[in-house]
2 protein chains.
Amino acid sequence: MDKSPQVLLELVERLGNLMRAEFRRAGADEQLQPVHVHALVYLARANRYSNTPQAMAEYLGLTKGTMSQSLLLLDRRGLIERYQDDLDRRVVRLRLSSAGDQFLNEVQPQLAWQQATRNISPNRIRNAVSALRETLTTFQADNEGQPFGACHGCRHFERLSARAYRCGLMGDRLSGPETRRICWLYEEKGSGAEEEEDED
Amino acid sequence: MDKSPQVLLELVERLGNLMRAEFRRAGADEQLQPVHVHALVYLARANRYSNTPQAMAEYLGLTKGTMSQSLLLLDRRGLIERYQDDLDRRVVRLRLSSAGDQFLNEVQPQLAWQQATRNISPNRIRNAVSALRETLTTFQADNEGQPFGACHGCRHFERLSARAYRCGLMGDRLSGPETRRICWLYEEKGSGAEEEEDED
DNA sequence: TGATACAGTATCGACTCGAAACTAATATCT
DNA sequence: AGATATTAGTTTCGAGTCGATACTGTATCA
């Protein structure tokens, strides 16, 4: 009976709590709750398929009703903008307003984390990322949730040429930077070839 | 400019959110909020120095006022018991009641996590634990928070003989199991000899 | 053309949470 | 010893979260 998984859970929860406290501090001046700051951070990183209330609710673990409330607040404060999807007019699309963008640049909610990881070698971080990503994937598979990842590692990702990419699911061409954003259509590549393997 | 730390942060936050959702589900029957379940889980793991409202508030990232509220609720529901400290009568000590213990055994809030980590090799988990622990330590050092760890790795920990231990800070003898519980007096050993080193 | 599914909104009530004021016990300083 | 400061915890207040439920409008499918 190994206790390591439990210790890992404690660390993840504790670091999560600390970051939530950090987000609380970041949003204090603007009277924003942690979840609002987190929503803005997500929006800054979400790709074109993932900037909807539904995707955000899924990512943040909220119901759509709750999400709707938070978005209302962020809209009132002028930190986000909403616009309708052309093809499906039920769908609301979201983007950071310039004020929202400026807010994130000013308060730097993730600065404390970057500081805290400054002395850890990139390789150890990559190993930790790999283990946690696998945990997340299994977790989601067990609970039928969306995995949320970037194109690299997604089964729908296609490389057309040196610098041209494409999402096989949606059929769109993707720019280089776009392939590094968060997507809620992400699906783990088949288990045939594991990309990231620790030396252990 | 490496993006790995940011990806690691995303994973930690997302897994944290999922576990919060899991705690919500676990407490739904008893009308408990996630933070209440988390408090019970903490209490089940805290050592004799760390079962106070203050330590819990610190661990969960709440103010003492908020913590007091949650403890009131848990007490009303009969899930915890409070008693006074003998030496310092300002201090309230907490323990799980048998009902609280039974509750944790029934709902198994951490089961989903254990399932999600089942296929990850112990060594990879240990490496991830090591990296996250270092992140946590640095984070706390930057923000003057308590680190919260178990005896192994703590500078106050003393081994008297094969199966006899002692906390050098408090002066108490400790049983073997007790040395594996969470302590908020934990202090990282001096950086002279790093215990856990990844091969990277 | 109707039935059904889906994206998002509105409303309600229980509860969280920080801030600040408060009580009581202990520590510190002369 | 007595005054003062510090500390552990409680209480109160108000803004806001959050899930549940009911609702609106759009799309899909037979």
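Which residue stands opposite Arg173(B) in strand 5 of chain B? In this predicted model, the partner turns out to be Arg166(B). The setting for that pair is an open sheet of three strands in chain B, put together in the order 3-4-5 with antiparallel pairing. Strand 3 (157-161) and strand 5 (173-174) of chain B sit at the edges, each pairing on one side only. Strand 4, made of residues 164-167, joins up with strand 5 of chain B through two bridges, again in the antiparallel sense.

Next comes the surface around DNA strand D. Here 27 residues gather, and the ones that come nearest are Gly65(A), Thr52(B), Gln54(B), Gly65(B) and Ser68(B). Both chains supply elements that give two or more residues to this surface: helix 2 (34-45) and helix 4 (64-76) from chain A, plus helix 3 (53-60) and helix 4 (64-76) from chain B. Helix 4 of chain B gives the most, with six residues. Sorted by class, the surface near DNA strand D holds 13 polar, eight nonpolar and six charged residues.

Then there is the nonpolar interior. In soluble globular proteins, nonpolar side chains tend to be buried together. In this model, the largest nonpolar core has 102 residues, and Ala128(A), Ala128(B) and Leu132(B) are the ones with the most contacts inside it. Take Leu132(B): with its neighbours within four places in sequence set aside, this leucine is in contact with Leu11(A), Val12(A), Leu15(A) and Ala128(A). One of these partners, Ala128(A), is itself among the residues with the most contacts inside the core.

Definitions and conventions
Residues numbered from 1 in each chain as written. Chains lettered and ligands numbered in written order. Predicted model: local features only at pLDDT ≥ 70, side-chain atom pairs only at ≥ 80, totals over all residues. Pairing = 2+ DSSP bridges. Helix = DSSP H or I, 4+ residues; strand = E, 2+ residues; numbered from the N terminus. Near = placed C-beta within 6 Å. Nonpolar A, V, L, I, M, F, W, Y, C, P; charged D, E, K, R; others polar. Core = buried A, V, L, I, M, F, W, Y, C linked by C-beta atoms within 7 Å. Buried ≥ 20, exposed ≤ 12 C-beta atoms within 10 Å, placed from the backbone. Contact = placed C-beta atoms within 7 Å.
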